[in-house]
Structures are given as structure tokens and as C-alpha cells.
Amino acid sequence: MGILDIEVWGKDSKKHEERLGTCKVDISALPLKQANCLELPLESCLGTLLMLVTLTPCAGVSVSDLCVCPLADPSERKQMAQRFSLQNSLKNMKDVGILQVKVLKAVDLLAADFSGKSDPFCLLELGNDRLQTHTIYKNLNPEWNKVFTFPVKDIHDVLEVTVFDEDGDKPPDFLGKVAIPLLSIRDGQTNCYVLKNKDLEQAFKGVIYLEMDLIYNPIKASIRTFTPREKRFVEDSRKLSKKILSRDVDRVKRLTMTVWNIVQFLTSCFQWESTLRSTVAFVVFLVTVWNFELYMIPLALSLLFVYNFIRPTLGKVGSIQDSQESTDIDEEKYEDDKESEKKGLIERIYMVQDIVSTVQNILEEIASFGERIKNTFNWTVPFLSFLACLILAVATITLYFIPLRYIILIWGINKFTKKLRNPYAIDNNELLNFLSRVPSDVQKVQYAELKPGSSQSPLRKKRSAL
């Protein structure tokens, strides 16, 4: 509880950064559990910063040795289980659960130093919480034996464990990474994870041994699913890549072809290309329209979930063959006395890069949106698919018993009075918030656990930065 220092930075089209101003907030003077709207004048420049600050006590992250593992104590585990029991589902809605990670050891890591050894340490990230182990010097088979405890704010977060080689004053070298969705954790089991490359799409050299325990409240986790995801404070900017752009084009093409095939199928029913198909479609149309009620829409979607649940799995998404390679345009410093023609050319290059990057991001969003809808119905994440079935069942019952005009009236009153009831409320779309938790096909590959002993191509030392 002290002074919070805030800096405002600006970045131009050439990616040059400049500090625009600073301001300070006395945290100790602010009340707890209350949204404080502050308008802070910036020092050393014109302008003010408008921000909302809410101080909420929470269980913080912690690091300990194996001998003092928190959840190993039966009384403490019982206390945690009681804290996140169903009886406490409506208390402190942001406190969803707790995750304990035992980082035991790594085996057969990549030799990053010229001496044939590495100085490995392990970085763990869950949302905006980041913790790391100590460094073990000159060792390719380090044993850390540390226990990390994280508060869980969103059950759909992904635990990222990255192994680096400490390199003095230089940025650490990358030695491998794994991403583990919280819902895939097997409690109390020691698991061996094959390290992957930076893109999480191919096997790297080495494995890491982790043991995890997750305790959470399913009611809080379900409600949290329909709220906006927490934004990452430290997030790698998406880089322009020919391979990524080509992959996103293919994903959008597959999505477009699926829609096109459905349209062609419906068209063929009207064209009587197949007498049997058109006859069946015509009968189904007449029966459906004659007996149609609004509650049948969520009921039909629920039946689609049931069909995909009982249908044999046809196979998982195949691994992406080629890893994504970053083809960043190198940044150069330009002096003020350069010729105007060269500056104009540079501006055009950056403009073209921004345009292509924007197109790449749009294609990624379109492809991911379609894949998330498909993966929702395919039971890729059973927790989310079951939650969707539950919502559809409630919607079916509601539409069956309550007239539509009452439902629209309640929805409209809620929308119109939302800002009156809570002036600081942030608009959000519950459906999009739900879909943001469903992994796309690319994320399914990234989160897939590789089997130990899988073929790994020989790797040279990587000059990768943190």
C-alpha cells in the first residue's frame, strides 16, 4: 500500500517509443472493494489520464519448497475445498479457484552454451501472474523441486511453462515451452511433458516433469465464462509472417467451403436434382413450419450437441507440419537529414506492412470464430459444451412457458437501465465472451500434449530472446 507510478508511452508507425508523461496515485488513500474513478493530470505534458482503480484483496501467488507444500497438509486442503465449495458459490465471484504446481525437474535439455551445458530456469505464467524458479548452473538435467501457488480467476486460462537458459546480462535463450489448459489438469499425478518450440506446434528437445492440483468452484467458473477475458499485461505482438498468412487463408477457405457446401445442398433440394432428397426436404419443411414454435430453436441446437456427443470421434486436428517462422522487417534508425525520397519509401513500406498485418489479423479472427463455433458443438472442451447445453435447455424451457414479448421487455429494460444502475459498467457480449474460451483448431494443436519419446529433429542452439 504505497504510491502507484504510472507512465504513458506513445509509439509511432516506425515503432519508435517515446514517454509522453507520468502521474502518481496514492493507493493507501483509496477505499477497498470500490470502483474509484480518477482523472489524473500528466506531468511534463498536456493531457490527463482517466482511469478506474479498484482495490480487491485476494490470495496472492507464492513459491515454496516441496517440504512445505501447501496442499499437502490435509487440514489446509480441507480448508481450500471448503473455500471453493458449492455453498460459497455466491461469495467473492472473482475468486474462482486455486492452482498448485510442483516443478520437479527437466531432462535432456538443449545445450545452449559452447561448453555443452545450459544454465536453466523455469518461468510459469497464468494470466498476468508470473513466477520463476532459481537457476541451476551447468546442467542439462536440472531438479528445481519448487511449489508454485496461483489464484485462479478464469478456469479457461492456460498455464504456460517456459524453460530458459540464463545468459548473464543478455536476454535468456529459449529451451522449450508447454501450454497446459487448466481444465486438462489431472490432479495429483506427476506428468512428463515434451517441450515444444516457441509456436507450440513442434517437439523441441527435452521433457519437463510437473505435478499439479486444481481446486475450483464450478458455479463461479461458469458465471465467469460469460464475462470478458482478462487482458494480458505482457503479450507478444503478433508478427507478420508469410506462413501464418498462408495458413489463415487456408483456414478461411475451409470455413468458406463448408458454408458454400451447405448452401449448395439447400439449393439442390429446390432444384430436384435428387427426387428422394428433395421429397424428404419438402416434407420436413412442411412439418417444421406447421408445428414451429420459438423454443424449438434452442432445442434443435441441444440435439446437435447430443448427436456429436454420441457420435464416434472421427479424429483430432492434425499437427501443423511447418512451424511458423517470424519474418520481421528489421527496424533501422533513420537520421533527420536523410533524403525525403528515402523517407517516403520507408513510409510506404511501413504502410504496406501495416495493411498486410491487418489483413492477417482479420483472417485469423474470422477463421478462429468459425472454428470455435465448430469446436463448441464437437465437445472439444466438455465443460464448455455441457455449459452450452445447460443454457440451451434453460432457453428452451423459458421460451416454452414465457411469451416472447415478456423476454424482450426484460432484455430491453436491463439494457436501458444498465448504465443507471452501474455507471462504470463495461459493455460486453456474453456469447462472444463464451466463444473466446473455446480453443480454435490452431490452439488445439498448441495445447495438445505430446507423448514422450516422439521423434524430434536435431536442433541447433537457438538465439531466441525472452
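A charge is taken to sit over a ring if NZ of Lys or CZ of Arg is within 6 Å of the ring centre and within 35 degrees of the ring normal. In this predicted model, the charged end of K105 sits over the ring of Y209, at 5.0 Å from the ring centre. A further case is R405, whose charged end sits over the ring of Y406, 5.2 Å from its centre.

Contacts between aromatic rings were searched for across the whole structure, and nine aromatic pairs were found. In one of them, Y295 and Y400, the ring centres are 4.9 Å apart and the planes stand at 85°; the pair is edge-to-face because planes over 60 degrees apart are classed in that way. This pair links distant parts of the chain, 105 residues apart. Y295 belongs to the loop between α4 (275–291) and α5 (296–310), whereas Y400 belongs to helix α7 (residues 382–401). Y295 has a relative accessibility of 19% and therefore counts as buried, the limit being under 20%. Y400, with a relative accessible area of 51%, is exposed.

F305 and W379 form another of the pairs, with ring centres 6.2 Å apart and planes at 90°, so this pair is also edge-to-face. F305 lies in helix α5 and W379 in the loop between α6 (340–377) and α7, so parts that are 74 residues apart in sequence are tied together by the pair. F305 and W379 are both buried.

Ring pairs also join into a cluster, whose members are F121, F164, F174 and F204.

How values were computed: Residues numbered from 1 in each chain as written. Predicted model: local features only at pLDDT ≥ 70, side-chain atom pairs only at ≥ 80, totals over all residues. Heavy atoms only, no water. Phe/Tyr/Trp six-rings, centres within 6.5 Å; stacked < 30°, edge-to-face > 60°. Helix = DSSP H or I, 4+ residues; strand = E, 2+ residues; numbered from the N terminus. Buried < 20%, exposed > 50% of the residue type's maximum accessible area, 1.4 Å probe, protein only.
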